[in-house]
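Please open the model in your viewer and keep the sequence panel beside it, since this tour moves from one selection to the next. At each stop, make the selection before reading on.

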Protein chains: 2
Amino acid sequence: MPHETAVPVSPAPTASAGPSAGPSASGPVADAYDLVVVGGGVAGLSVAWRAARRGLRVAAADPAPASGASHAAAGMLAPVSEVTYTEEPLLRLGLASLARWPAFAAELAADSGLGADALDYRTDGTLEVAFGSDDLAALDELAAFMGVLGLPVERLTGRECRRLEPMLAPAVRGGLLAREDAWVDPRRVTAALLAALERRGVPVVRARATALERSGGTVTGVRLAPAAGAGTGGGTAPGRGGSGEGAGGDRVLRGDRVVLATGAWSGTALEGLPAEALPPVRPVKGQIMRLRSAQPVLSRCVRGAVHGARVYLVPRGDGELVLGATQEELGFDTRVTAGGLWELLRDARELVPGVTELEVADVTAGLRPGTPDNLPLVGPSALPGLLMATGHHRGGVLLAPLTADLLLEESGDPEGLAALCSPLRFQEHRSQEQS
Amino acid sequence: MPHETAVPVSPAPTASAGPSAGPSASGPVADAYDLVVVGGGVAGLSVAWRAARRGLRVAAADPAPASGASHAAAGMLAPVSEVTYTEEPLLRLGLASLARWPAFAAELAADSGLGADALDYRTDGTLEVAFGSDDLAALDELAAFMGVLGLPVERLTGRECRRLEPMLAPAVRGGLLAREDAWVDPRRVTAALLAALERRGVPVVRARATALERSGGTVTGVRLAPAAGAGTGGGTAPGRGGSGEGAGGDRVLRGDRVVLATGAWSGTALEGLPAEALPPVRPVKGQIMRLRSAQPVLSRCVRGAVHGARVYLVPRGDGELVLGATQEELGFDTRVTAGGLWELLRDARELVPGVTELEVADVTAGLRPGTPDNLPLVGPSALPGLLMATGHHRGGVLLAPLTADLLLEESGDPEGLAALCSPLRFQEHRSQEQS
């Protein structure tokens with residue numbers, strides 16, 4: 001899985017004046033930007049695109065954009081179905097971002113020039129189902145909790161579930177239909193974001209950022225590693241990288257503000273990040289499997305519990321069915337394992353036996369950026385000039401519109417969401433630890 | 001899986017005088033050969049190599065050598081462990097070929113120039129284990145049957161099995177150790193065969209044979225399809241195909257004898273094959289999974305039954321562990337399916353729980369050439385000049401040395417094995433059907 005390990009795990013080496021990384025075909029690298037985004041996943045690209053729409057001068061850097069967790073993600077936009085006890089703050093963020101998705105999708109479809117179907121954005125709801133009697137008891141408890149929260153879900157019998165989704169197993173005992181949940185194809189979203197950035201002339205430099213540039217106490221840009229070589233850069237035009245060089249001959253992207261959006265690698269990728277600004281993210285591995293089907297097997301996302309084990313099945317417009325996802329805490333490990341696939345297949349076939357007939361198109365693993373409180377890190381960091389757009393854990397795709405809004409302060413913050421995401425919320429705790 | 005479908009399923013089109021397929025770098029295509037082998041799997045390449053060693057002028061043709069069932073095979077040389085009720089004739093063939101393997105491996109290692117370890121040929125025996133009490137009862141019956149046949153096996157307790165193979169599950173109840181069974185890496189075997197052929201100047205033409213050439217009632221060669229294009233031919237040298245052209249401008253390999261060795265496609269690939277010579281082969285699909293491990297998980301082949309479901313685990317010298325294999329009769333279907341992988345993982349982890357920790361390196365499916373009596377088709381066909389080396393079903397790798405011997409009549413046939421394999425054995429039956 002080269003794309004999952006494209007962002008290196010080990011501390012970044014000091015950049016030297018090697019062959020310069022050319023800018024992407026979308027635009028030349030200028031001397032300085034209003035905003036420099038480090039990381040080309042769905043979070044970073046969304047921030048860059050929304051900033052460019054506002055008229056900011058933006059550049060982004062990633063050795064392999066759209067290849068990490070965003071590439072492995074299933075793309076559920078399902079804050080209602082995914083609600084978890086004690087995590088009402090995450091629900092608030094999810095609902096606020098879900099409300100932004102229709103406009104985000106429409107504007108991205110238009111801006112990318114790829115048309116209305118470009119994202120495979122679908123709003124047919126999510127069906128949460130229970131397999132065993134233990135799962136049914138948990139489902140009823142969840143339904144009660146959702147009722148307290150005032151969430152719009154309908155409790156269905158097993159038969160009603162199968163009426164909606166005839167491929168569900170007879171053993172499925174009941175379900176919860178969340179009509180307002182949606183889903184999207186994350187690979188199409190990042191492709192559309194890259195297309196929109198290209199149309200707006202935003203350079204997406206195919207190079208790894210290795211260190212922060214600072215002047216006094218303020219971040220002024222990032223230093224880039226030499227280009228990884230031909231073939232990684234898409235539309236890279238060699239020999240155009242003369243502009244943007246730093247004082248020492250290293251390549252530098254200068255910006256008034258730098259956004260750190262390198263997901264699971266946010267805590268390790270950049271030199272010059274002081275301890276007080278280091279984001280507390282850790283890699284949470286997920287393995288998924290893509291199956292190919294001539295006819296669609298499901299008409300909406302199905303999530304379920306099989307004797308407590310979680311699995312979801314996300315249908316794509318082209319008949320593909322995505323099975324996910326394991327959650328493993330093994331450090332920077334992106335191996336697809338026999339056990340990971342076995343768990344996915346074991347549970348998915350209990351809920352939808354017909355999956356066994358489908359062809360295996362792809363198996364992959366990615367690393368989600370987890371945080372101590374499962375909330376993202378979005379907003380100014382302790383280091384002046386450095387912003388965060390990371391720590392989205394399982395919710396990077398869902399939270400992309402809100403992330404961009406909060407970071408760019410596009411629509412104010414009447415709901416008080418910015419404080420929930422503030423990277424500074426771990427400051428006090430950390431200071432106490434150090435004293 | 002392009003390699004599994006490289007040999008086309010549909011009737012071969014008539015060859016036209018297109019861009020000619022050059023010979024491989026191993027030698028130019030001459031006007032005529034003693035032997036022309038159609039099919040570059042382990043059977044065809046073995047015949048070609050042994051014939052060349054005897055001094056015959058040989059050529060072979062395959063659009064993608066070493067890419068079909070030989071590529072997917074696990075490589076067990078285990079006639080003892082694989083013995084099946086009513087199939088004593090197959091056991092006789094297997095034992096006779098197993099006895100030829102040490103010399104075959106040594107000569108191939110030398111002839112290929114790849115050295116003694118080139119084939120990963122290992123003679124540490126096979127352990128057949130039982131999981132459930134039903135499996136243990138079947139194992140005891142099998143042990144009794146093996147005793148009647150006089151086969152050299154040892155009945156072990158579950159504890160004795162785990163002493164030999166500590167990674168076996170505590171639930172394994174007993175086993176049979178067949179010390180004389182062996183195994184080999186089929187991908188290395190075909191690579192060594194190709195290397196040996198190149199060193200002997202035998203051309204392996206990267207082109208598909210489409211039709212038999214006949215003169216009177218006798219086969220005189222095969223017509224070849226135009227080359228599939230650059231990149232498929234390995235060392236193909238364009239522009240050297242002028243020699244060997246047929247009367248109509250089509251490319252032809254002329255040979256005193258033609259050997260049909262196209263595995264599951266032997267009944268469909270060649271025009272001009274009369275009904276009475278058509279081999280009764282059918283595709284039997286197998287799916288396998290290759291796992292990667294830093295340390296070897298097993299020290300010998302482990303085969304087992306888990307509540308009647310068969311699975312085997314074959315260790316490679318580089319730490320790889322091969323899990324196989326399903327048997328499905330679905331026609332020319334080489335899709336890797338969710339259900340196929342699930343069955344492999346379900347049963348393999350019952351026997352060796354540690355497999356769940358291993359990385360998935362590769363999943364693939366191949367088509368074995370099955371026959372009505374599960375015995376191969378080796379020897380002269382009803383059509384003068386046409387020989388068969390096909391129908392090896394699960395035993396192509398094991399039976400390769402014997403196949404070459406029988407076909408080339410290298411060592412006589414004191415054991416009367418040729419009659420067991422004769423393609424003519426279905427003649428009488430077929431004539432009765434037609435009358």
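Does A:Asp120 count as buried or exposed? Select A:Asp120 and show the surface around it: in this predicted model, the residue has a relative accessibility of 12% and therefore counts as buried, the cut-off for that class being under 20%. A:Asp120 sits in the loop that runs between helix H3 (88-112) and strand S4 (126-130) of chain A. While it is selected, look at its backbone, where phi is near 55°, a positive value in a residue other than glycine. Most residues other than glycine have a negative phi.

Next, select A:Asn374, which lies in another loop of chain A, between strand S16 (359-370) and strand S17 (377-380). Its phi is also positive, at about 65°, although A:Asn374 is not a glycine. With a relative accessibility of 22%, A:Asn374 counts as partly exposed.

Now colour the whole of chain A by secondary structure, and you should find 10 helices and 18 strands. Of the 435 residues in chain A, 59% are buried. Considering the contacts in chain A with a separation of 6 or more, 79% are made by residues 24 or more positions apart.

Move to chain B and select B:Arg290, found in strand S12 (residues 282-292). This residue counts as buried, because its relative accessibility is 2%. Show the side chains here, and you can follow a polar contact of 3.3 Å from the side chain of B:Arg290 to the side chain of B:Glu320. If you leave aside neighbours within four places in sequence, the residues in contact with B:Arg290 include B:His71, B:Arg187, B:Arg316, B:Leu321 and B:Asp362.

For another strand of chain B, select B:Thr157, which belongs to strand S5 (residues 154-157). B:Thr157 counts as partly exposed, at 40% relative accessibility. Outside its neighbours within four places in sequence, B:Thr157 is in contact with B:Arg173 and B:Gly174. Draw a distance between the C-alpha atoms of B:Thr157 and B:Arg173, and you should read 6.5 Å, although the two residues are 16 residues apart along the chain.

Finally, show both chains together and turn to the place where they meet. How many residues does the contact take from chain B and from chain A? It takes 17 residues from chain B and 17 residues from chain A. Between them the two chains bury about 1,600 Å², and 66% of this area is on carbon and sulfur atoms. Across the interface there are 8 residue pairs in polar contact, while the count of salt bridges is 0. On the side of chain B that touches chain A, the elements giving two or more residues are helix H7 (338-351) and strand S16 (359-370) of chain B. H7(B) supplies the largest share of this side, with 7 residues. Sorted by class, the side has 9 nonpolar, 3 polar and 5 charged residues.

To see how the copies are arranged, superpose chain B on chain A, which takes a rotation of 179° with 0.0 Å of shift along the axis and gives an RMSD of 0.0 Å. The two copies are thus related as by a two-fold rotation axis. Select B:Trp342 as the last stop, since in chain B its C-alpha is the one nearest the axis, at 3.0 Å from it. The copies meet through the same surface, because 100% of the interface residues of chain B are also interface residues in chain A.

How values were computed: Residues numbered from 1 in each chain as written. Chains lettered and ligands numbered in written order. Predicted model: local features only at pLDDT ≥ 70, side-chain atom pairs only at ≥ 80, totals over all residues. Heavy atoms only, no water. Contact = heavy atoms within 4.5 Å. Buried area = accessible area lost by both parts, 1.4 Å probe. Salt bridge = Lys/Arg side-chain N within 4 Å of Asp/Glu carboxyl O. Polar contact = N/O pair within 3.5 Å; in protein donor to acceptor, adjacent residues only side chain to side chain. Helix = DSSP H or I, 4+ residues; strand = E, 2+ residues; numbered from the N terminus. Nonpolar A, V, L, I, M, F, W, Y, C, P; charged D, E, K, R; others polar. Least-squares fit on C-alpha atoms with pLDDT ≥ 70 in both. Buried < 20%, exposed > 50% of the residue type's maximum accessible area, 1.4 Å probe, protein only.
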